[in-house]
Amino acid sequence: MDPLVFKIILVVSLFAVSLGVAAYSTWGERKVAAALQDRIGPNRAGIFGLLQPLADGGKLFFKEGFIPSSADKFLFILGPALTMFISLITGSVIPWGSAVNIGGEDFALQVADINVGVLFLIAMVSVGVYGTMIGGWASNNKYSLLGAIRASSQMISYELAMGLALLSIIMMSSSLSLNQIVADQGSGKLWGLFNADGFNWNIFYQPLAFIIFVVAALAETNRHPFDLPECESELVNGHMTEYSSMNFGMYMFGEYVNMFIANTLIATLFFGGFNYPGIQWVTENWGQNTAAVLSVIALLSKSVIGILIFMWIRWTIPRFRYDQLMHLGWKTLIPLALLNLVITGAVILLVGA
């Protein structure tokens with residue numbers, strides 16, 4: 001197979017999976033909420049309400065698009081488009097599975113294998129702030145602008161803690177490549193004692209970095225208890241106040257894609273990525289392609305479990321006040337991340353010595 005054709009198929013597949021997961025995350029959100037609140041949830045559109053995301057998407061698509069007369073029309077449209085674009089492009093550097101063999105040639109299940117994948121992800125997360133800020137400012141609505149400022153300050157604050165948590169993983173792997181980070185978790189000895197075929201995960205070595213990263217990911221994706229940028233009861237959807245139709249839909253789907261990518265990234269950095277216990281044995285006995293299919297299933301399963309946990313958190317933990325949110329980011333998470341860096345460096349020096 002021509003490598004370019006394979007890349008095109010991979011890009012289209014990743015696009016479809018990301019949007020599919022985002023669409024059915026809205027259904028899952030309602031079902032999880034219903035289960036926790038002793039309700040049924042969506043059950044009208046299709047069996048078990050499985051066609052509800054299609055009904056919601058159709059409603060957004062066919063609604064009249066409204067742009068305020070005083071808004072900057074170009075930037076008003078650019079804001080949600082930028083949010084959606086950044087959400088989708090971040091998945092391009094994640095290794096989604098082990099290599100497949102087609103016609104005697106190996107193909108990596110990764111759109112872009114760059115040696116600074118972690119740096120690329122941090123850069124994209126930073127650029128994502130502009131989609132929110134542009135949308136709030138272009139609306140020419142003071143409440144939208146206030147919501148955008150709150151959202152931007154929250155995202156910038158928690159990016160620092162997230163980046164510092166990532167540094168400890170980079171120090172352990174001595175690489176910015178996500179491929180290398182995943183490979184390090186697929187072999188070796190767990191705690192230097194037990195052979196770990198596909199189970200040498202970073203969560204066992206960096207539990208504090210994992211907690212910091214997950215909390216920061218909740219804040220970056222505007223999930224409870226950090227959903228102050230768009231809390232309906234107080235801010236009337238914040239920076240999205242003036243948006244309707246598919247402009248609003250792009251913001252909403254962008255956030256659900258962000259949640260999917262964030263949980264996939266958590267799985268990649270801390271839970272072995274596409275590795276699973278016995279992956280080498282499966283490769284040797286059942287073949288490379290079988291192992292690759294199982295590796296994709298393993299990564300997606302870890303991501304779905306993370307999404308369900310995010311949903312569970314939404315319906316169990318109350319929202320922080322804004323001062324509590326900023327206090328947690330600046331005075332708790334950042335000092336803890338710095339402490340974790342110092343401990344990680346000391347351990348690496350001692351073990352290396």
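This report covers a nonpolar surface patch and some backbone features of a predicted model.

Residues are numbered from 1 along each chain as its sequence is written, and side-chain values use heavy atoms, with hydrogens and water left out. Because the model is predicted, local features need pLDDT of at least 70 and side-chain atom pairs count only at pLDDT 80 or more, while totals for chains, interfaces and linings use all residues.

**Surface patch**

Y24, I47, F48, L50, L51 and L54 make a nonpolar surface patch of about 640 Å². Patches are made of residues with over 30% relative accessible area and no salt bridge; like charges are joined within 9 Å, and nonpolar side chains (Val, Leu, Ile, Met, Phe, Trp, Tyr) within 5 Å. A salt bridge is a side-chain nitrogen of Lys or Arg within 4 Å of a carboxyl oxygen of Asp or Glu. Accessible areas come from the Shrake-Rupley method with a 1.4 Å probe, and for residues only the protein chains shown count as cover.

Y24 belongs to helix α1 (residues 3–36). Helices (H or I, at least four residues) are DSSP runs, numbered from the N terminus. Y24 counts as partly exposed because its relative accessibility is 36%; buried means under 20%, exposed over 50%, and partly exposed in between.

**Backbone**

Most residues other than glycine have a negative phi, and most peptide bonds are trans. Two residues other than glycine have a positive phi here:

| Residue | Phi | Loop | Relative accessibility |
|---|---|---|---|
| D38 | near 60° | between α1 and α2 (52–62) | 73%, exposed |
| N140 | near 55° | between α4 (117–138) and α5 (142–173) | 52%, exposed |

A cis peptide bond, with omega about 0°, joins H224 and P225. P225 sits in the loop between α7 (207–220) and α8 (232–235).

Technical notes. Helix = DSSP H or I, 4+ residues; strand = E, 2+ residues; numbered from the N terminus. Buried < 20%, exposed > 50% of the residue type's maximum accessible area, 1.4 Å probe, protein only.
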